[in-house]
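Got a minute to walk through a model together? Have a look at the sequence and the coordinates, and then we'll go question by question.

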Amino acid sequence: TSFKLLLLPGDGIGPEVTAEARRIVDWFTAQGIARFETEEDLVGGSAYDAHGEAVSDATMDTAQAADAVLFGAVGGPKWDGVAYDKRPEAGLLRLRKDLGLFANLRPAICYPALADASSLKRDVVEGLDILIVRELTGGVYFGEPKEITDLGNNQKRAVDTQVYDTYEIERIARVAFELARTRRNAVASAEKRNVMKTGVLWHEVVTRIHDEAYPDVALEHVLADNCAMQLVRRPKQFDVIVTDNLFGDVLSDIAAMLTGSLGMLPSASLGAPDEKTGRRKALYEPVHGSAPDIAGQGKANPIAMIASFAMALRYSFGLGEWADRLEGAIATALDQGLRTGDIMQDGMREISTSDMGAAILKN
Ligand code: NAI
Ligand code: MG
C-alpha cells in the first residue's frame with residue numbers, strides 16, 4: 001500500500017523534530033512495510049516569509065489530497081508584529097478548519113521510565129494510558145455572539161457563546177466510541193448538564209448514540225469539574241474521555257502533566273470519514289510549540305513528534321501493530337537511560353535531538 005504524507009515542519013524546533021520523524025517514515029518505506037510518498041512544504045512564519053501567508057493555497061491543495069499531514073510547530077518572536085490573520089498560528093487554524101478536523105485526540109501515556117517525572121506519585125501514574133477526545137471546531141471558542149460592548153460609566157460587557165448542534169455531538173461521540181473499541185472499551189463523557197444547556201444536549205446525544213450503535217462499550221457520564229479532580233486523584237480509572245472544546249482544552253492539559261514533559265506529548269486531529277474510502281482526513285502534531293528558547297541547538301525532544309507519527313500509523317494507515325512497536329522503541333530508549341534536556345534525570349545520559357531520533361530508529 002502507498003500513502004501520501006505531507007510534512008509541514010514549520011518554525012523553531014519544528015524542523016528539528018520533523019527531521020527525526022522523517023527518518024522513521026523513510027525507514028518504513030525502505031523496509032517495504034508501507035510506501036510513504038512524502039512531500040515537504042512551508043507553514044507558519046516560514047511560509048509567511050516566503051509568500052506573505054501562514055499557509056498558501058497550493059499547500060492547502062496538497063493537504064487536501066494527502067492521506068495525512070504531519071505538522072511540526074509554528075510561531076516565534078520574529079513574527080510577533082504580524083497582522084492577526086497572517087500570523088503563524090493562522091496556518092494551523094486554516095488547516096484544521098478547511099480539513100474539517102473536528103476531533104482532537106490527546107493520549108496521556110506514562111512511560112514507566114518517566115513515572116517519577118510526573119507531577120503525581122509513581123503508583124498513581126505508572127502504566128497510565130488514557131485518551132482524551134476533544135471536540136475542536138465548535139463550542140464557546142467559535143459561537144456567536146462573541147463581543148465586548150461598552151456600557152458606559154467605565155463598564156463593559158464581554159460575551160462568548162457556547163453553541164452545540166446535535167450533529168456536532170453525534171460525530172465526536174462516534175469517534176470516541178470507535179476508538180474505545182480498539183482500546184479498553186470504556187468511554188467517560190464529561191459535561192456540566194447541571195448548569196449548562198449544552199451539557200444537557202451533550203448528555204442526551206451521547207447516550208442515544210451509545211444505545212443505538214455502541215451498546216457494547218461501557219459508558220459513564222461525569223461532570224467536567226469532577227473529571228478534573230478524578231484525573232489527578234485516580235487517572236487510571238479512565239480509558240477514553242470525550243468532551244467539548246473548552247473542557248477538553250483544560251482536561252487535556254491536566255492529563256498532560258500526569259506524564260512529564262511537553263516534549264513527550266503527541267496529538268491527532270481527525271475529520272469526517274470520506275464517503276467512498278471511509279478514510280478520515282487527519283493531521284498529527286506534537287502538543288508543544290516552536291520552543292524559540294532552545295531552537296537551533298539540537299536540544300529539542302523529538303519524542304512528541306515521533307509519537308505523533310505512531311498515531312498516524314494507528315489511525316490513518318491501519319498499521320496499529322507497527323504503532324505499538326514504534327511506541328515500544330520509544331519506551332526502550334527511555335529504559336536505556338537516554339534523555340533530552342527537558343526530561344533529564346539524575347544518572348541518565350543527556351543526548352541531542354538527532355541522537356534520540358537515531359536511538360529510537362535503532363530500537
Ligand atoms: P512551547 O511549547 O514552544 O515551549 C514551552 C516550553 O517547553 C519551552 O521552555 C520549551 O523549550 C519547552 N519545550 C517545548 N517543546 C519541547 C521539546 N520538544 N523538547 C524540549 N523542550 C520543549 O510554548 P511557548 O513557549 O508558549 O510558545 C513558543 C511559540 O510556539 C509561540 O510562538 C507560540 O505561539 C507557539 N506555539 C505553537 C504551537 C503549535 O504550533 N501548535 C502550540 C503552542 C505554542
Ligand atoms: Mg490548551
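What follows is a set of questions and answers on this predicted model.

Q: Which residues come nearest to ligand 1, out of the 21 around it?
A: Let's start with the shell, where 21 residues sit around the ligand. By residue class they divide into 10 nonpolar, seven polar and four charged. The ones that come nearest are Glu89, Gly289, Ala291, Asp293 and Asn301.

Q: Which strand and which helix each supply at least two residues of the shell around ligand 1?
A: Here we're looking for elements that give the shell at least two residues each. The strand covers 68–73 and the helix covers 88–98. Those are strand S3 and helix H4.

Q: Which residue has a polar backbone atom 2.8 Å from a nitrogen atom of ligand 1?
A: Sort the backbone contacts by the ligand atom involved. Gly76 has a backbone N or O atom 3.1 Å from an oxygen atom of ligand 1, and the polar backbone atom of Ala291 is also paired with a ligand oxygen, at 2.8 Å. The contact to a ligand nitrogen, at 2.8 Å, belongs to Asn301.

Q: How much of the accessible area of ligand 1 does the protein cover?
A: Take those backbone contacts again, such as the 2.8 Å one between a ligand nitrogen and Asn301. On its own, ligand 1 has 810 Å² of accessible area. The share of this that the protein covers is 67%.

Q: Asp129 and Arg183 form a salt bridge, but how many residues apart in sequence are the parts it ties together?
A: The closest N and O atoms of Asp129 and Arg183 are 3.4 Å apart, and the pair forms a salt bridge. Asp129 lies in strand S5 (residues 129–135), while Arg183 is in the loop between helix H6 (166–181) and strand S8 (186–191). So the pair ties together parts whose separation in sequence is 54 residues.

Q: Is Asp239, the salt-bridge partner of Arg183, buried or exposed?
A: Arg183 and Asp239 meet through their side chains in a salt bridge, 2.8 Å from N to O. Asp239 lies in the loop between helix H8 (224–233) and strand S10 (240–243), so this pair ties together parts 56 residues apart in sequence. Arg183 is partly exposed, at 23% relative accessibility. Asp239 is at just 4%, and since the cut-off for that class is under 20%, Asp239 counts as buried.

Q: Which residues are linked with Asp129 and Asp239 in a network of salt bridges?
A: By the distance rule, the count for the model comes to 25 salt bridges. Asp129 pairs with Arg183, and Arg183 pairs with Asp239. The network linking them with Asp129 and Asp239 takes in Arg183 and Arg184.

Q: In the salt bridge between Arg193 and Glu191, which residue is buried?
A: The closest N and O atoms of this pair are 2.9 Å apart. Arg193 is partly exposed, because its relative accessible area is 34%. At 2% relative accessibility, the buried one is Glu191.

Q: Which residues make the nonpolar surface patch of about 340 Å²?
A: One member is in helix H9 (residues 245–257), namely Leu246. At 30% relative accessibility, Leu246 counts as partly exposed. The full set making the patch is Tyr141, Phe142, Leu246 and Val250.

Q: Which two residues are joined by a cis peptide bond?
A: Most peptide bonds are trans, so a cis one is worth a look. Omega is about 0° at this bond, and the proline is found in strand S6 (residues 143–152). The two residues are Glu144 and Pro145.

Q: What is the relative accessible area of Asn153, where phi is positive?
A: Most residues other than glycine have a negative phi. Asn153 has phi near 50° and is found in the loop between S6 and strand S7 (155–161). Asn153 counts as exposed, because its relative accessible area is 75%.

Q: How far apart in space are the C-alpha atoms of Glu327 and Tyr111?
A: Glu327 lies in helix H11 (residues 320–335), and at 15% relative accessibility Glu327 counts as buried. In sequence, Glu327 and Tyr111 are 216 residues apart. In space, their C-alpha atoms are separated by 9.5 Å.

Notes:
Residues numbered from 1 in each chain as written. Chains lettered and ligands numbered in written order. Predicted model: local features only at pLDDT ≥ 70, side-chain atom pairs only at ≥ 80, totals over all residues. Heavy atoms only, no water. Near = heavy atom within 4 Å. Polar contact = N/O pair within 3.5 Å; in protein donor to acceptor, adjacent residues only side chain to side chain. Areas by Shrake-Rupley, 256 points an atom, 1.4 Å probe, with all protein chains shown as cover. Helix = DSSP H or I, 4+ residues; strand = E, 2+ residues; numbered from the N terminus. Nonpolar A, V, L, I, M, F, W, Y, C, P; charged D, E, K, R; others polar. Patch = residues over 30% accessible without salt bridge, like charges linked within 9 Å, V, L, I, M, F, W, Y side chains within 5 Å. Salt bridge = Lys/Arg side-chain N within 4 Å of Asp/Glu carboxyl O. Buried < 20%, exposed > 50% of the residue type's maximum accessible area, 1.4 Å probe, protein only.
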